[in-house]
Amino acid sequence: MGILALMVHEQLSAPGPKRMEEIGECEDHIVDIQGAGWKEAAADISLTGLGWVAVTGAGTAQVKISVPKGIGVSVRPPLMPFDIWKVASK
């Protein structure tokens with residue numbers, strides 16, 4: 001198995017029942033984001049201690065995020081609003 005396949009299998013796979021028990025109870029957060037169009041991110045959803053996800057699109061999106069209890073969720077202006085073009089233009 002190559003290193004990339006190993007990484008995908010080990011690091012990017014969903015947690016199994018044992019790991020979910022270790023993580024503990026999760027809580028849901030629902031955020032509404034008004035899209036700025038497909039040419040720029042409208043907002044970042046920040047997950048305390050984990051990173052962030054940029055949201056791109058047109059119209060209003062309602063996003064449900066499930067995180068372990070104690071992990072903060074917030075919405076902020078995008079740090080890299082035009083970074084989508086580096087990915088989408090390939």
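**Close-up views around W52**

**View 1. Contacts of W52.** Apart from neighbours within four places in sequence, W52 is in contact with D44, I45, S46, R76, L79 and M80. The model shown here is predicted. W52 lies in strand β3. The C-alpha atom of W52 is 9.3 Å from that of V75, and these two residues are 23 residues apart along the chain.

**View 2. Surface around W52.** Is W52 buried, partly exposed or exposed? Its relative accessibility is 41%, and because buried means under 20% and exposed over 50%, W52 counts as partly exposed. Together with L79 and M80, W52 makes up a nonpolar patch on the surface. The accessible area of the three residues together is about 320 Å². L79 and M80 are also among the residues that W52 contacts.

**View 3. The sheet that holds β3.** Three strands make an open sheet in the order β3-β2-β5, and their pairing is antiparallel. Strands β3 (51-57) and β5 (73-76) are at the edges with a single partner strand each, so one side of each has no neighbour in the sheet. From one strand to the next, the twist averages 30°.

**View 4. Pairing of β2 with β3.** How many bridges join strand β2 to β3? Seven bridges link β2 (residues 37-47) to β3, and the two strands run antiparallel. One of the residues to look for is D44, whose bridge partner in β3 is A54. D44 is also among the contacts of W52, a residue of strand β3.

Notes. Residues are numbered from 1 along each chain as its sequence is written. This is a predicted model: local features need pLDDT of at least 70, side-chain atom pairs count only at pLDDT 80 or more; totals for chains, interfaces and linings use all residues. Side-chain values use heavy atoms; hydrogens and water are left out. Two strands pair if DSSP finds at least two bridges between them. Helices (H or I, at least four residues) and strands (E, at least two) are DSSP runs, numbered from the N terminus. Axes are lines fitted to C-alpha atoms, for helices over the stretch in contact, and angles run from 0 to 180 degrees between N-to-C directions. Buried means under 20% relative accessible area, exposed over 50%, partly exposed in between (1.4 Å probe, protein chains only). Contact means heavy atoms within 4.5 Å. Patches are made of residues with over 30% relative accessible area and no salt bridge: like charges are joined within 9 Å, nonpolar side chains (Val, Leu, Ile, Met, Phe, Trp, Tyr) within 5 Å. Accessible areas come from the Shrake-Rupley method with a 1.4 Å probe; for residues, only the protein chains shown count as cover. A salt bridge is a side-chain nitrogen of Lys or Arg within 4 Å of a carboxyl oxygen of Asp or Glu.
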